[in-house]
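This briefing goes through the fold of one protein chain and the surroundings of its ligand. The sequence and structure come first.

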Amino acid sequence: MIKSSNYMTHPHQDRIYLFTNELFSAYEKYFENKPKVLSVIGSGDQIFNAILKGSNQIEAFDINVLAKYYFYFKKAAIEVLSKDEFINMFLEPEMSSIYYRYIERIMNNLDDSTKSFWDYLIQKCNKNWYLLYFSPLFHSNAFYVEDIIYTNPYLHSSEYLKLKGLLKDAQIEVKDGDILKLADEYHQKNFDLIYLSNIWSYVSWNEYSKMQKKLNLTDNGYLIAYSFREKNYPFPDINSEKKKISRDESLIVYTKKK
Ligand SMILES: C[S@@+](CC[C@H](N)C(=O)[O-])C[C@H]1O[C@@H](n2cnc3c(N)ncnc32)[C@H](O)[C@@H]1O
């Protein structure tokens, strides 16, 4: 189904992450009160959580063009759905026609290009969200609902409502592309928080390291990288600290060079 879409001919395409597979709660303290953020999109969760923690100028990027479409879709869904509707649709959908009514509300809140992307896919799935949700468009949906809610503050009741309000004022600029190249554009700016997830594990360390040096932090800023396999992370430099999250996972937190 999805292979016949024009979107699949784009060179930078991959499955979409429905939700973060990282333990955001392990690093949410670094996201507190960081107005200017540079972040990879992925599932978009880190961006929603950052906005909740006080970020309002966000530069977001992803090499996977599909991530952007999902980000806009999820953002529009948060804006128009109640928390229970959102959780039901995105975390535990059933074979039901009710989601098409949700989708109509979401679509009214999307720009034309994002709308035509989702409209194409939804029509291909006979307007059935359940089929699309469990299609190869997304990474495996095998996760515990409780874990996703636990680690994402924006899925907690009062926070979800707060995020709805904050989204109205947040400036979010999205770019498609490889951070190894985009770093030259971002070089002109200073960020309070740079969130690179585990991008380091997809590229050569040499290239990654050159890219990271081009990104600038404000005085009390943090650059955060995530590692799923402790032993594979190359080396933290003098301005970084490694924080163990679990047996295999850790966080590498960089601060500004003194
Ligand atoms: C690093 S992955 C892993 C998912 C992540 N652990 C999370 O919780 O969202 C997140 C995103 O990084 C993107 N990505 C990987 N390499 C990239 C690169 N060189 N430049 C920009 N984005 C990249 C992927 O397309 C994916 O959407």
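The points below cover the sheet, the helices against it, the helix pairs and the ligand shell.

The model is predicted. Its sheet is open and has seven strands with mixed pairing. Helices α1 and α2 lie across strands of this sheet, and 22 residues surround the ligand.

**The sheet**

- The strand order is β3-β2-β1-β4-β5-β7-β6.
- β3 (171–176) and β6 are the edge strands; each has a single partner strand, so one side of each lacks a neighbour in the sheet.
- On average, neighbouring strands are turned by 20 degrees against each other, with direction ignored.
- In general, strands of a sheet pair through backbone hydrogen bonds, in either the parallel or the antiparallel sense.

**The β5, β7 and β6 end of the order**

- β6 (residues 240–244) pairs with β7 (residues 250–254) in the antiparallel sense, over five bridges.
- These two strands, β6 and β7, form a hairpin, and five residues lie between them.
- Within this pairing, L251 in β7 stands opposite K243.
- β7 also runs antiparallel to β5 (residues 216–227), to which five bridges join it.
- I252 in β7 is the bridge partner of A225.

**Helices across the sheet**

- Helix α1 (residues 45–52) lies across β1 (36–40), β2 and β4 (190–195), and runs at about 165 degrees to β1.
- Helix α2 lies across β2 and β3, and runs at about 155 degrees to β3.

**Helix α8 and its contacts with α1 and α2**

- α1 and α8 pack with their axes 9 Å apart, at an angle of about 90 degrees; the two helices are therefore roughly perpendicular to each other.
- In this contact, α1 contributes F48, I51 and L52, while α8 contributes E159, K162, L163, L166 and L167.
- By class, the contact of α1 with α8 holds six nonpolar, no polar and two charged residues.
- α2 (residues 65–80) packs against α8 (residues 157–169) at an angle of about 120 degrees, with the axes 9 Å apart; this makes α2 oblique to α8.
- The α2 and α8 crossing is left-handed.
- On the α2 side K75, I78 and E79 take part, and they meet L163, K164 and L167 in α8.
- The contact of α2 with α8 comprises three nonpolar, no polar and three charged residues.
- L163 and L167 of α8 thus appear in the contact with α1 and also in the contact with α2.

**The α9 and α10 pair**

- α9 and α10 (residues 205–214) pack at an angle of about 20 degrees, with their axes 8 Å apart, which makes α9 roughly parallel to α10.
- Their crossing, that of α9 and α10, is left-handed.
- I179, L180, A183 and D184 of α9 meet E207, M211 and K214 of α10.
- The contact of α9 with α10 has four nonpolar, no polar and three charged residues.

**The ligand shell**

- Which residues of the 22 around the ligand are closest? They are T20, G42, I63, N64 and I179.
- Two elements give two or more residues to the shell around the ligand: β2 (57–62) and α9 (179–186).
- The shell divides into 11 nonpolar, seven polar and four charged residues.
- I179 is among the closest residues to the ligand, and I179 in α9 also takes part in the contact with α10.

Key. Residues are numbered from 1 along each chain as its sequence is written. This is a predicted model: local features need pLDDT of at least 70, side-chain atom pairs count only at pLDDT 80 or more; totals for chains, interfaces and linings use all residues. Two strands pair if DSSP finds at least two bridges between them. Helices (H or I, at least four residues) and strands (E, at least two) are DSSP runs, numbered from the N terminus. A residue is near a molecule or strand if its C-beta atom, placed from the backbone, lies within 6 Å of it. Ala, Val, Leu, Ile, Met, Phe, Trp, Tyr, Cys and Pro count as nonpolar, Asp, Glu, Lys and Arg as charged, and the others, Gly among them, as polar. Axes are lines fitted to C-alpha atoms, for helices over the stretch in contact, and angles run from 0 to 180 degrees between N-to-C directions. Angles under 35 degrees count as roughly parallel, over 145 as roughly antiparallel, 65 to 115 as roughly perpendicular and the rest as oblique. A crossing is left-handed if the near helix is turned anticlockwise from the far one by less than a right angle, and right-handed if clockwise. Two residues are in contact if their C-beta atoms, placed from the backbone, lie within 7 Å.
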